[in-house]
Amino acid sequence: MSEPIQYISHPYEVVPYSDSWPGLFVSEASIIQDVFGDKASDIQHVGSTSISGMSAKPQLDILVQMRNISDADDCRQAMTQAGYVAYGDMLHKGGRLFSRWKGDSKLVNVHVFEATSPIVWEYLAVRDYLRTHKKEAEDYAALKLSLYAKYPTNYLKYRELKDPYIEALKTRIREFSASDSAN
């Protein structure tokens with residue numbers, strides 16, 4: 001079993017959905033594509049900012065799929081020059097994490113994984129499920145808003161209480177996918 005993820009405490013907020021998020025994704029994806037070139041097999045907008053209408057932390061999550069994760073290491077310096085902080089395999093899942101900050105505010109997380117990683121499926125499955133299951137998306141948004149109201153200055157507590165919901169959601173998605181493919 002891998003060691004627990006060590007999140008960084010930082011100021012955060014949860015805000016209503018912004019129509020600007022898809023356009024911001026397009027701008028960031030262009031920068032990322034320039035850095036990774038043909039080493040990136042796909043770049044996707046994931047996370048809550050990719051779900052129309054969902055309240056979220058106002059920071060984009062971008063998933064970059066690569067054929068070989070060592071290519072991300074080769075691009076580390078270029079990502080740093082493009083304004084990202086490189087964290088390596090901070091999530092302890094075989095990927096790489098880069099973030100763009102403005103002062104104390106995180107603007108973008110770039111999650112890089114090999115295209116065959118099961119983590120890629122998780123990011124895309126959660127996004128796609130929430131896009132098509134409105135009640136689940138509303139429940140998740142309500143949880144995030146509730147946690148933010150209770151812990152507006154404690155990001156680590158927010159994550160501690162939100163992460164079990166996400167794990168249970170992934171289980172529900174797997175069960176849904178299994179029953180859907182059985183039909």
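I'll start inside the sheet: D61 stands opposite N109 in β5. Before going further, note that this is a predicted model.

D61 belongs to strand β2, residues 60–66. β2 and β5 pair in the parallel sense, over seven bridges. On its other pairing, β2 meets β1 in the antiparallel sense, and there the count is six bridges. Two positions fix the register with β1: A40 stands opposite M66, and D42 stands opposite Q65.

Now the whole sheet. Five strands make an open sheet, in the order β1-β2-β5-β4-β3, with mixed pairing. Its edges are β1, residues 40–46, and β3, residues 84–88, each of which pairs on one side only. From one strand to the next the twist averages 20°.

Back to β2. How many of its seven residues are buried? Seven of the seven, so β2 is largely enclosed by the rest of the structure. The side chains split in two directions: L60, I62, V64 and M66 point one way, while D61, L63 and Q65 point the other, and all are buried. Note that the second group includes D61 and Q65, the residues I paired with N109 and D42 a moment ago.

What lies over the sheet? Two helices to mention. Helix α1 lies across β1, β2, β3, β4 and β5, and runs at about 35° to β2. Helix α4, residues 118–132, lies across β1, β2 and β5, at about 40° to β1.

Take α1 first. This helix covers residues 21–36, and its 16 residues reach 22 Å from first C-alpha to last, close to the 22 Å expected at 1.5 Å a residue. Its buried residues are W21, F25, E28, A29, I32, V35 and F36. Why do they sit on the same side of α1? Because they cover an arc of only 115° around the axis. On the other side, V26 and D34 are exposed. The residue that follows α1 is G37, with a positive phi near 55°.

Next, packing. The largest nonpolar core has 24 residues, and those touching the most other members are F36, I62, V64, V110 and V112. Elements giving two or more residues to this core are α1, β1, β2, β3 and β5. Of these, α1 gives the most, with six residues.

V64 is a useful place to look at that core. Setting aside neighbours within four places in sequence, V64 is in contact with I32, F36, A40, D42, I43, V110, H111, V112 and F113. I32 and F36 are among the buried residues of α1, and A40 is the residue opposite M66.

There is also a second, separate core, of 13 residues, including A125, V126, L130 and A141.

L130 leads to my last residue, Y140, since Y140 touches L130. Y140 is found in helix α5, residues 134–150. Is Y140 buried or exposed? Buried, with a relative accessible area of 5%. Not counting residues up to four places away in sequence, its full contact list is S48, M54, L130, K162, Y165 and I166. As for L169, Y140 lies 29 residues from L169 in sequence and 9.2 Å from L169 in space, C-alpha to C-alpha.To close on the strand I opened with: β2 pairs with β5 in the parallel sense and with β1 in the antiparallel sense.

Conventions
Residues are numbered from 1 along each chain as its sequence is written. This is a predicted model: local features need pLDDT of at least 70, side-chain atom pairs count only at pLDDT 80 or more; totals for chains, interfaces and linings use all residues. Side-chain values use heavy atoms; hydrogens and water are left out. Helices (H or I, at least four residues) and strands (E, at least two) are DSSP runs, numbered from the N terminus. The expected span of a helix is 1.5 Å times one less than its number of residues. Buried means under 20% relative accessible area, exposed over 50%, partly exposed in between (1.4 Å probe, protein chains only). The arc is that of the directions from the helix axis to the C-beta atoms. Two strands pair if DSSP finds at least two bridges between them. Axes are lines fitted to C-alpha atoms, for helices over the stretch in contact, and angles run from 0 to 180 degrees between N-to-C directions. Contact means heavy atoms within 4.5 Å. A nonpolar core is a set of buried Ala, Val, Leu, Ile, Met, Phe, Trp, Tyr and Cys residues joined through side-chain atoms within 4.5 Å.
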